[in-house]
Amino acid sequence: MYLRVLDDGARPPAENMAIDEALLRGGGLPSLRLYGWQPHAVSLGYFQKVDDFADLPIDTVIVRRSTGGGAIHHGDEITFALTLDANLLPKDLDQSYVLLHDAVRAALSDLGVHCTRQTTGAACGARPDVRWCFATAGRHDLVDAHGRKLVGSAQRRLRNEHARVLHHGSIVLHKPALTPFVAAIADQIEVHANRTKLRGQMVLRIAAALNLTPQPGTLSDQEHATATHLIAARFGDPSFRNAR
Amino acid sequence: MRPNDRSYLKSHEWCKIENGIATIGITDFAVSHLSDLVFLDLPNKGSNVTIGESFGEIESVKAVSDLYSPVSGEIIEVNKDLTDNLEWLSSDPFAKAWMLKIKVTSLSQELQNAAAYEGNCVEG
């Protein structure tokens, strides 16, 4: 089976979230989308309260994700969204994280970036005292030698008759302005020369972990249409962003 | 074996019907696979639910999941205490952790009895 690879550029925040949701709900082949953010933005975890971020600079662009967890300041990073039928991942939620994070760790290692997957501790959630995803590292998180989180991720699961999973992840290339406490790839290697190679290794390692064959692809007309609808009706709608 | 006084969806919601009122919740199997629950969002009393459509959402520390309705009808009661006591989902998923009571207009054809539902709870 193929893994459709969508090697995307930087898109506006609401568009990024809408495309990922369209891929989740579309029910198509497994897809791995790699992308960036223009403008840079803060994404809130699905259940987070927008009022908890009232102290951010007035011009901060904020979008709400459909995945959970804490907020992320998306600056110079590689964001990845894996969407697939749930039966292609281990049934156990924890094991699905182990599989995918080990693949990401291998991709980083291929480029000389060293990190480890934490095997103990509580997994991080969107609690009021932990508003930033990268503020604390928990079980399954990839951390650098100083214990700082290098890769953050969260899932959305559809459990109906067509069970699907959206796995969101962020790999920080350079430290974002609002969350300078994070680990970044730039701490260990030169980013500019390795950016394209890292995207390539991400594809190869994740595809291998899932026993799928990567193949470049594009969004279908239906996925485009769904994403366009979701921008207007959900992710670009201030009432959705401010709903909590 | 789960309680046989109610029926189940493959997506792990349970439904107990008494006098035209459905009480619904999620099973221990669903709870164990979500693990470490942190948020539950339920609809308001007086709103309607539809068979097979999402009626709420639940967040574990690593996944947000939809909850699916096994019936259509009007919500007449919501277990608001549950949202502040998510541990009930682990300790007493079939009683104290009920989520909604619904005045039923129609039932899902996908509902299974307890024995058939067991087949959806095989670890693999």
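The following paragraphs lead the reader through a predicted model, beginning where chain A meets chain B and ending with a sheet of chain B.

The contact between the chains involves 22 residues of chain A and 20 residues of chain B. On the side of chain A that touches chain B, two elements, α2 (93–110) and β9 (149–158), each provide at least two residues. The largest share of that side, five residues, belongs to β9(A). By character, the residues on this side of chain A comprise nine nonpolar, six polar and seven charged.

Strand β9(A) also takes part in pairing across the two chains. Strands of a sheet pair through backbone hydrogen bonds, in either a parallel or an antiparallel sense. Here β9(A) and strand β7 (residues 63–68) of chain B run parallel and are joined by three bridges. Within this pairing, Gln155(A) lies opposite Ala63(B) of β7(B).

The other element named above, α2(A), merits a closer reading. With 18 residues at 1.5 Å a residue, α2(A) should span 26 Å, and its end C-alpha atoms are indeed 26 Å apart, so the expected and computed values agree. Several residues of α2(A) are buried, namely Leu93(A), Ser96(A), Tyr97(A), Leu100(A), His101(A), Ala103(A), Val104(A), Ala107(A) and Leu108(A). These buried residues lie on the same side of α2(A), because the arc they cover around the axis is only 150°. Just after α2(A), Gly112(A) adopts a positive phi of about 90°.

One of the buried residues of α2(A), Val104(A), leads into the nonpolar interior. The largest nonpolar core contains 93 residues, and Val104(A) is among those with the most contacts inside it, together with Ala18(A), Leu32(A), Val172(A), Met202(A) and Ile206(A). Met202(A) shows how parts of the chain that are apart in sequence come together: when its neighbours within four places in sequence are set aside, Met202(A) is in contact with Leu34(A), Ile78(A), Phe80(A), Val104(A) and Ala107(A). Two of these partners, Val104(A) and Ala107(A), are also listed among the buried residues of α2(A).

Chain B, for its part, contains an open sheet of six strands in the order β1-β2-β3-β9-β8-β5, with antiparallel pairing. At its edges are β1 (7–8) and β5 (48–49) of chain B, each of which pairs on one side only. Within the sheet, strand β3 (residues 21–26) of chain B and strand β9 (residues 100–107) of chain B are paired antiparallel over four bridges. In this pair, Thr23(B) stands opposite Lys101(B) of β9(B).

Note on methods:
Residues are numbered from 1 along each chain as its sequence is written. Chains are lettered from A and ligands numbered from 1 in the order in which they are written. This is a predicted model: local features need pLDDT of at least 70, side-chain atom pairs count only at pLDDT 80 or more; totals for chains, interfaces and linings use all residues. Two residues are in contact if their C-beta atoms, placed from the backbone, lie within 7 Å. Ala, Val, Leu, Ile, Met, Phe, Trp, Tyr, Cys and Pro count as nonpolar, Asp, Glu, Lys and Arg as charged, and the others, Gly among them, as polar. Two strands pair if DSSP finds at least two bridges between them. The expected span of a helix is 1.5 Å times one less than its number of residues. A residue is buried if 20 or more other C-beta atoms lie within 10 Å of its own, exposed if 12 or fewer, and partly exposed in between; C-beta atoms are placed from the backbone. The arc is that of the directions from the helix axis to the C-beta atoms. A nonpolar core is a set of buried Ala, Val, Leu, Ile, Met, Phe, Trp, Tyr and Cys residues joined through C-beta atoms within 7 Å.
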